[in-house]
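Take a walk through this model, starting where two chains meet and ending inside one of them. Keep the sequence at hand.

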Amino acid sequence: MITLDFSLPRNHFTLEANLQLPTQGVTALFGRSGSGKTSLLRLLAGLEFQSGSRLLFRDEVWQNHNTFVPTHQRSLGYVFQEASLFPHLRVRNNLEYGYHRTPVRERQIHPPRVIELMGIEALLKYYPDQLSGGQRQRVAIGRALLTSPKLLLMDEPMASLDGTSKAEILPFLERLKDQLALPIIYVSHSIEEVARLADHLVLLEQGQVIAQGDIQSLLTDPTLPFLQAETASTVLKARVDQAHSDDHLSRLDIGGQSLFISRCGLQDGQATRVRILARDVVLALSPPTSISLLNCLETRLIDLQPDSNPSQLLVRLGIGSQTMIARVSRRSATRLGLRENQRVYALIKGVAMR
Amino acid sequence: MMLASADLTALWVTLKLAVTSTFFLILLSMPLAWWLARTRSRSKVLIEALVALPLVLPPTVMGFYLLVLLGPRGALGGLFEALGAGHLAFTFTGLVLGSMLFSLPFVVQPLQNAFAMTGGRMLEVAATLRASPVDRFISVVFPLSRSGFLTACVLSFAHTLGEFGMILMIGGNIPGRTQVASIAIYDHVEAMDYTAAHQLSLILVMASLVLLTVVFALNRRFKVVSL
């Protein structure tokens, strides 16, 4: 658990955060630019100092009224928005900069593992200015990992990258999350990234914490802006039931029901998650039979919420203990006579892994 | 070409002066340049103006003040005298102090620029990679400010080679102790010994040219100087 109590005056507002963050999985600090996310991250890292703040990492005091552990003595890794590699060092020396400064007995992860994980074997002898943006960021992440941090802080690591480089980085971040038991605090203003990576979400606005909690419950909370977005979506936890089949589909288990996706590299029994956009869900009152659509989940209708588009409604559906959402037209809702606690079949047009 | 031994001595004193004052000036300017590059203090502009003062003052003005300050009745000279070390006017030490003051802006400014450029972000990165403050300076600031350091050294060195007015004021013209090449040349011209003046001048021209050529050659490879 990370316990923090910060109050930092900024130009237009005061950042007020009194939070307990989990020390497992990915916690996203989400908000618009200028909402105080980066300041919060910098306070966590000790790059920013504000007297009167309190910060506890597990049972270690990082800051209180008479203690301030300087950044270089905190066991954390920090990935900046721009890769910020040392321009005078080759990739290999950049990677080893922190590794060499980590006491031998604290080294948990070693260069070969990180080089493999981040796919940077071929880059080792180059200088940073010879790399692409995406490559630089992968090296920067690897460099942070090599200090064997107990906490990884990432400040919009993809914000300065173009679409292609982003697509290149995301899988590495997912691997990082899956393969290392390392808590990550991830600053982002992209709901796509958050939905793909985060387990826990802290929503910031004008320096205030508006909401925090499990990603699924926040994404489907009608009082929060996520639901009203064009790309409103939900994230469902699933378990890989059957990774391989003759027709190249993998079967996932969600609360006893099946979801088929086409994706390789999965293993039986693996826990995973899928993201489903509200607009990709079609509702039916009985399970359709003569239809090409594969994925149909039996759900219980929780409630109907207004949408920002007056012709549409958002339908919250319960599947086991999980919640998903569908966007349907008001006309369809009336025609089908949708009401609370009704049994509804959710036909899913598209499933994104994660 | 045969140089008189007095001329050789003058060249030796010049070289010794340039090396000594450059060395100490770099050492002392580092913290000052670092402070100027980092500070948000309002006194920064005043300090910057003071540092730049030698650029605009006639060397004789500074030489005059230094003479008064370092002489037997000056604040600094008197103190040294009271300590039994003797005052500093017309001594090599006085000369070094004068040269340092005179070359101050040529060292502080390139260092300050270099430090400002290596600034914040890289140091923060190094801190998150467990480097202590001293370690950060040695492993990040120093190599990244390499060009600034080289510029500062070359400018200070070359500037000391060519200084005349202030050295005459503070050092006098004592052969073997405070007579430098530029003053020896002046003496030769006064005595109508143009051959000796030519020889010594040529050596200074060649030395400066070689020095600058080396710097610009390095510059092409490493981008060391931005003049």
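Chain B and chain A bury about 1900 Å² between them, and carbon and sulfur atoms give 61% of that area. Buried area here is the accessible area (1.4 Å probe) that two parts lose on being put together, summed over both. Thr128(B), Leu129(B) and Arg130(B) supply 43% of the area that chain B buries against chain A, more than any other three residues. This is a predicted model: local features need pLDDT of at least 70, side-chain atom pairs count only at pLDDT 80 or more, and totals for chains, interfaces and linings use all residues. Residues are numbered from 1 along each chain as its sequence is written, chains are lettered from A and ligands numbered from 1 in the order in which they are written, and side-chain values use heavy atoms, with hydrogens and water left out.

Now count the residues involved. On the chain B side, 18 residues are in contact with 24 residues of chain A; contact means heavy atoms within 4.5 Å. Four salt bridges are found across the interface. The rule asks for a side-chain nitrogen of Lys or Arg within 4 Å of a carboxyl oxygen of Asp or Glu. One salt bridge joins the side chains of Arg42(A) and Glu124(B), at 2.7 Å from N to O. Eight residue pairs (both at pLDDT 80 or more) are in polar contact between the two chains. A polar contact is a pair of N or O atoms within 3.5 Å; within protein, one must be able to donate a hydrogen and the other to accept it, and residues adjacent in sequence count only if both atoms are side-chain atoms.

Which helices of chain B supply at least two residues each to the side that touches chain A? They are helix 6 (120-128) and helix 7 (133-144). Helices (H or I, at least four residues) and strands (E, at least two) are DSSP runs, numbered from the N terminus.

Look at helix 6 of chain B itself. Seven of its nine residues are buried. Buried means under 20% relative accessible area, exposed over 50%, and partly exposed in between (1.4 Å probe, protein chains only). Glu124(B) and Thr128(B) are among the buried residues of this helix. Just after helix 6, Arg130(B) takes a positive phi of about 75°.

Stay in chain B for helix 5 (residues 92-118), where Ser99(B) lies. Ser99(B) counts as buried because its relative accessibility is 4%. Beyond neighbours within four places in sequence, Ser99(B) is in contact with Leu17(B), Ser21(B), Thr160(B) and Met166(B).

Cross to chain A. Its domain assignment, which comes from an automatic or database source, gives domain 1 (2-214) and domain 2 (268-353). Their C-alpha centres lie 35 Å apart.

Ile215(A) lies in helix 7 (residues 215-219) of chain A. At 5% relative accessibility, Ile215(A) is buried. Leaving aside residues up to four places away in sequence, Ile215(A) touches seven-residue company that includes Val194(A), His200(A) and Val235(A). The C-alpha atoms of Ile215(A) and Val235(A) are separated by 7.5 Å, with their positions 20 residues apart along the chain.Ser233(A) is found in strand 12 (residues 233-242) of chain A. Is Ser233(A) buried or exposed? It is buried, with a relative accessible area of 4%. The side chain of Ser233(A) makes a polar contact with the side chain of Arg275(A), at 2.9 Å.
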